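Student: Hi! I have a new structure open and would love some help finding my way around. Could we go through it together?
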Amino acid sequence: MEKGESSTAELPEDEVWAKLIPMDSRYSEIELRLKETVICSEVKNSSSGKQEWCKITRNVDIVSAVMQNKSSKEILVDETAVQDEDAAVIKCGSEILLGPRDEGYVKYRFEIMPTEESRRYIQVSLDVEYAKCCICLNIWHDVVTAAPCLHNFCNGCFSEWLRRSQERRSSVLCPQCRAVVQFVGRNHFLHNIEEDIMLADPSLKRSTEDIALLNSCASIKSPLVLSSRKSRRKRERSPSDAAESWEHSCPQCDTEFGGFQCNESTVHLQCQACGGMMPSRLNIGVQQHCLGCDRAFCAAYWHSQGVNRSNLHPLCSPETFKPIAERTISRIPSLAHEKNHYEQNITERCIRQMGRSLQDVVADWILKLDKREIDRTRMPLNHAEMITSRTPTCSECYDKLVSFLLYWYRITMIRHPLPSEEAQREDCWYGYACRTQHHNPEHAQKRNHVCRPTRGVYNAKLLYDNRQVSRVKEAKYEKINKMTKNYAHVDCTFDVWAVCSSVNEAQENDLEKF
Ligand SMILES: [Zn+2]
Ligand SMILES: [Zn+2]
Ligand SMILES: [Zn+2]
Ligand SMILES: [Zn+2]
Ligand SMILES: [Zn+2]
Ligand SMILES: [Zn+2]
């Protein structure tokens with residue numbers, strides 16, 4: 001098998017992880033590639049050429065290293081002498097000088113190359129008091145931010161506040177500073193911080209019942225527009241006001257449709273496809289959000305209200321947001337098979353060879369999805385477990401779903417003949433996660449990439465995206481707990497992964513890897 005390349009926390013052997021940069025430009029930089037490198041340095045006054053100078057060993061944290069003196073002279077590290085065979089920790093920016101000052105030795109600055117990891121993560125310290133919701137006085141849960149004051153609350157707490165304000169038909173005031181709230185939306189950046197706090201101090205976690213209660217109140221999925229029409233109408237209307245009121249109003253603000261008209265406390269959602277507004281209406285049995293991405297889309301709502309067009313307001317055509325079963329597809333989405341055109345071609349030929357159409361195959365797999373025959377762990381949609389063929393989704397989520405289904409279609413192809421030359425290809429070690437497939441056409445063609453990673457990725461994933469994995473694990477544990485509750489006679493000491501819901505062996509393989 002051939003070595004591909006993958007996002008791994010282990011540094012590849014051939015990558016430069018640090019450099020020694022000479023202060024004297026006549027000398028060249030020394031690149032460190034190996035975990036342990038003996039530096040044979042040129043020393044200005046030496047006539048005998050290179051000599052063994054020191055050994056630099058990378059530390060696991062990849063932000064420091066150990067320098068061991070291998071010369072017979074002392075080495076100065078940031079002005080501190082390190083004697084023969086002694087060692088010192090060096091960090092990015094450390095200055096290293098062999099031998100006493102003023103004897104003409106070259107001084108080097110040690111520099112660590114930024115890794116993908118270090119570029120991604122920086123440490124921030126935070127007073128948890130700043131991460132508390134002023135309504136419930138706990139650390140935020142599913143944090144939302146109110147604008148323009150930018151105060152933060154739990155989604156559940158603020159939703160309840162919003163509901164009460166609407167009952168009173170008053171404008172929504174920020175519970176913290178009493179400013180009129182014009183927008184509120186989930187804050188994904190702070191959400192990550194909220195999760196980090198819980199990881200750092202689990203004692204701050206609330207009980208499962210509390211969380212369940214909060215979640216049941218939480219109604220903010222996509223940004224809500226709360227500005228009231230009343231306050232706008234009080235003012236003198238100027239042309240800019242007219243533009244503003246157009247921006248923040250919807251067809252039902254002016255006219256009653258389907259027995260409903262907006263009032264001054266109506267909360268509006270902005271459609272992510274056309275930019276138009278619609279009233280946010282809970283419990284009317286119409287999806288206003290895509291379950292795959294939690295974004296608001298207006299098509300299904302206006303369809304249900306019998307509003308098909310408006311001269312004043314943007315409206316979506318029903319095509320943009322409709323149930324999965326009602327959608328049709330004629331081309332493999334560009335997202336499919338991690339955007340690997342070669343694999344997309346093979347899938348296309350497989351389908352043709354079977355005398356079928358893409359639409360047929362996708363319909364088959366949607367049926368399997370409905371029967372819950374497919375492991376949804378890797379389904380790239382938000383509420384993967386809730387999705388059925390009757391779920392309306394946006395076009396983007398539909399493409400993601402089809403791509404996911406085509407992966408399973410290809411995986412199960414192992415049992416059916418692939419076009420002959422493709423059937424003989426070996427799996428790439430890094431499977432679908434291989435990055436080489438995107439920039440090396442020869443590699444993309446030579447190896448199969450519609451397969452699970454067998455190396456690198458799972459390890460790397462654990463290190464790299466630990467939380468993601470533990471979340472997946474948690475979800476599985478939860479599922480298993482539910483199962484074992486239903487089957488009280490089942491011995492609970494069995495290997496939990498082995499019994500995980502899925503029926504087919506391929507899925508079990510996936511689970512074992514975790
Ligand atoms: Zn590969
Ligand atoms: Zn709260
Ligand atoms: Zn505020
Ligand atoms: Zn309206
Ligand atoms: Zn979507
Ligand atoms: Zn729309």
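Student: Let me start with one residue. Leaving aside its neighbours within four places in sequence, what is L405 in contact with?

Tutor: Good place to begin, and keep in mind that this is a predicted model. Once the neighbours within four places in sequence are set aside, L405 is in contact with V362 and W365.

Student: Which helices do those contacts belong to?

Tutor: V362 and W365 are in helix 10, while L405 is in helix 11. V361 of helix 10 also takes part in the contact, along with V402, W408 and Y409 of helix 11.

Student: At what angle do helix 10 and helix 11 pack?

Tutor: The angle is about 90 degrees, and the two axes are 10 Å apart. That makes helix 10 roughly perpendicular to helix 11.

Student: And how do the residues of that contact divide into nonpolar, polar and charged?

Tutor: Seven are nonpolar, with no polar and no charged residues in the contact of helix 10 with helix 11. As a general point, nonpolar side chains tend to be buried together in soluble globular proteins.

Student: OK, what about the largest nonpolar core? How many residues does it have?

Tutor: That core has 74 residues, and F158, F297, C298 and L405 are those with the most contacts inside it. Several elements give it two or more residues, including helix 2 (155-167), helix 8 (299-304), strand 11 and strand 16. Helix 11 supplies the largest share, ten residues.

Student: Which residues are in the second core?

Tutor: The second core is separate and has 17 residues, among them L32, W53, I75 and I96.

Student: Let's zoom out. How many helices and strands are there in the chain?

Tutor: The protein chain has 17 helices and 18 strands. Of its 514 residues, 28% are buried.

Student: Now the sheets. In what order do the strands run in the one with strand 11?

Tutor: It is an open sheet of six strands, in the order 12-11-13-14-15-16, with antiparallel pairing. Strand 12 (152-154) and strand 16 (277-279) are at the edges with a single partner strand each, so one side of each has no neighbour in the sheet.

Student: Which helix packs on that sheet?

Tutor: Helix 3 (residues 188-200) does, touching strand 11, strand 12 and strand 13. The direction of helix 3 makes about 140 degrees with that of strand 11.

Student: How many bridges are there between strand 11 and strand 13?

Tutor: Four, and the two strands pair in the antiparallel sense. As an example, A147 has F183 in strand 13 as its bridge partner.

Student: And the sheet with strand 1, what order is that in?

Tutor: That one is also open, with six strands in the order 2-1-10-9-6-7 and antiparallel pairing. Strand 2 (30-32) and strand 7 (80-82) stand at its edges. From one strand to the next, the twist averages 25 degrees.

Student: What does I75 stand opposite in strand 7?

Tutor: I75 stands opposite V82. Strand 6 (residues 75-77) pairs with strand 7 over three bridges.

Student: Last topic: where is N138 found?

Tutor: N138 is in the loop between helix 1 (116-120) and strand 11. It is partly exposed, with 16 other C-beta atoms within 10 Å.

Student: How far apart are N138 and K205?

Tutor: They are 67 residues apart in sequence and 8.8 Å apart in space, C-alpha to C-alpha. Beyond its neighbours within four places in sequence, N138 is in contact with K132, C133 and R206.

Technical notes: Residues are numbered from 1 along each chain as its sequence is written. Chains are lettered from A and ligands numbered from 1 in the order in which they are written. This is a predicted model: local features need pLDDT of at least 70, side-chain atom pairs count only at pLDDT 80 or more; totals for chains, interfaces and linings use all residues. Two strands pair if DSSP finds at least two bridges between them. Two residues are in contact if their C-beta atoms, placed from the backbone, lie within 7 Å. Axes are lines fitted to C-alpha atoms, for helices over the stretch in contact, and angles run from 0 to 180 degrees between N-to-C directions. A residue is buried if 20 or more other C-beta atoms lie within 10 Å of its own, exposed if 12 or fewer, and partly exposed in between; C-beta atoms are placed from the backbone. A nonpolar core is a set of buried Ala, Val, Leu, Ile, Met, Phe, Trp, Tyr and Cys residues joined through C-beta atoms within 7 Å. Angles under 35 degrees count as roughly parallel, over 145 as roughly antiparallel, 65 to 115 as roughly perpendicular and the rest as oblique. Ala, Val, Leu, Ile, Met, Phe, Trp, Tyr, Cys and Pro count as nonpolar, Asp, Glu, Lys and Arg as charged, and the others, Gly among them, as polar.
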